[in-house]
Amino acid sequence: MYTRRKVYDLSYFTFIGTWAWILNRLSGLALIFYLCLHIWVINNLTQGAEQFNRVMLFLNQPLFKILEAGLWGVILYHAFNGVRIIIVDFFKGTLAHKRWFVFFIGLAFFLWALGSYLILSHIGG
Amino acid sequence: MKKNFKQTSRRGAIAWLLQRISAAIVFVLLMLHFVTYHFLSRGKAPAYGDVMAKVTSWWFPLLQLVFVTCALYHGLNGVWNIVEDYVSSRFWRLVCYGLILAVGLALFCLGTLTIVRIAYLKA
């Protein structure tokens with residue numbers, strides 16, 4: 001029989017789906033904030049070579065490279081959880097949504113390690 | 001069969017579908033974007049000349065325009081979905097909707113201006 005959960009029932013927080021949903025929203029908010037910054041920074045491309053190179057030199061510091069690797073991680077999480085959502089929505093993925101989550105997180109982690117190596121390999125060399 | 005419900009607006013369903021379509025487009029373009037600008041250069045910041053050399057084809061600005069449009073739609077519709085979940089007052093929803101629309105339009109104009117200017121500069 002269906003029993004109604006209390007509104008603040010914390011047992012939801014033991015579900016993979018709940019965490020996938022929370023992290024999807026948080027990563028989405030971080031990415032839209034970054035997109036706003038990105039569009040504004042890329043506008044420097046129109047100010048000529050000197051201004052562009054000045055901005056790029058500033059962004060080439062190790063701190064920003066580490067942030068770039070972090071950004072790649074956030075993008076991968078949001079992107080591959082998004083693929084899982086599309087599979088759930090259109091291809092009966094609900095039947096195995098937890099397994100899909102583990103699969104895509106594994107794939108995202110592999111791509112994150114690979115991409116971060118490429119991004120960070122420039123530091124100090 | 002007689003309908004026993006009132007036909008409501010399909011706006012939410014269309015937004016839901018567009019969110020998925022824009023996600024698929026942004027997914028492909030973003031992966032290409034990262035490979036071209038972040039990985040092939042092995043983390044080095046792209047040189048001005050190299051970036052400008054990439055925009056010599058007719059399809060490049062068009063692709064960037066599709067990218068900016070889809071990414072902004074996807075991101076800001078996502079923010080609106082969150083607002084719909086947590087803001088119930090009609091007034092504050094209107095305020096949030098206005099803000100999202102204003103930010104979206106401003107960034108779309110700025111992005112388009114950048115793309116058009118670059119395409120114009122290379123000529």
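Author: Quick definition before we start: two residues are in contact if their C-beta atoms, placed from the backbone, lie within 7 Å. And keep in mind that this is a predicted model.

Reader: OK, how many residues does the contact take from chain B and from chain A?

Author: With that cut-off in hand, the count goes by chain. Chain A puts in 32 residues, and chain B puts in 26 residues. On the chain B side, H1, H2 (48–54), H3 and H4 (90–122) each give two or more residues. By class, that side has four charged, six polar and 16 nonpolar residues.

Reader: Inside chain B, why do H1(B) and H3(B) count as oblique?

Author: H1 (residues 11–39) and H3 (residues 59–86) of chain B pack with axes 9 Å apart, at an angle of about 130 degrees. Angles over 145 count as roughly antiparallel and 65 to 115 as roughly perpendicular, with the rest oblique from 35 degrees up. The two helices, H1(B) and H3(B), are therefore oblique.

Reader: And which residues of H3(B) make that contact?

Author: The crossing of H1(B) and H3(B) is left-handed. H1(B) brings residues including Leu18(B), Val26(B) and Leu29(B). The contact residues divide into 11 nonpolar, four polar and no charged. From H3(B) come Val66(B), Phe67(B), Cys70(B), Ala71(B), Tyr73(B), His74(B) and Asn77(B).

Reader: Where in chain B is confidence lowest?

Author: Chain B has a mean pLDDT of 85, with 86% of its residues at 70 or more. For the model, ipTM is 0.83 and pTM 0.84. Within chain B, confidence is highest in H3(B), at 92, and lowest, at a mean of 73, in H2(B).

Note on methods
Residues are numbered from 1 along each chain as its sequence is written. Chains are lettered from A and ligands numbered from 1 in the order in which they are written. This is a predicted model: local features need pLDDT of at least 70, side-chain atom pairs count only at pLDDT 80 or more; totals for chains, interfaces and linings use all residues. Axes are lines fitted to C-alpha atoms, for helices over the stretch in contact, and angles run from 0 to 180 degrees between N-to-C directions. Helices (H or I, at least four residues) and strands (E, at least two) are DSSP runs, numbered from the N terminus. A crossing is left-handed if the near helix is turned anticlockwise from the far one by less than a right angle, and right-handed if clockwise. Ala, Val, Leu, Ile, Met, Phe, Trp, Tyr, Cys and Pro count as nonpolar, Asp, Glu, Lys and Arg as charged, and the others, Gly among them, as polar. pLDDT is the predictor's confidence in each residue, from 0 to 100.
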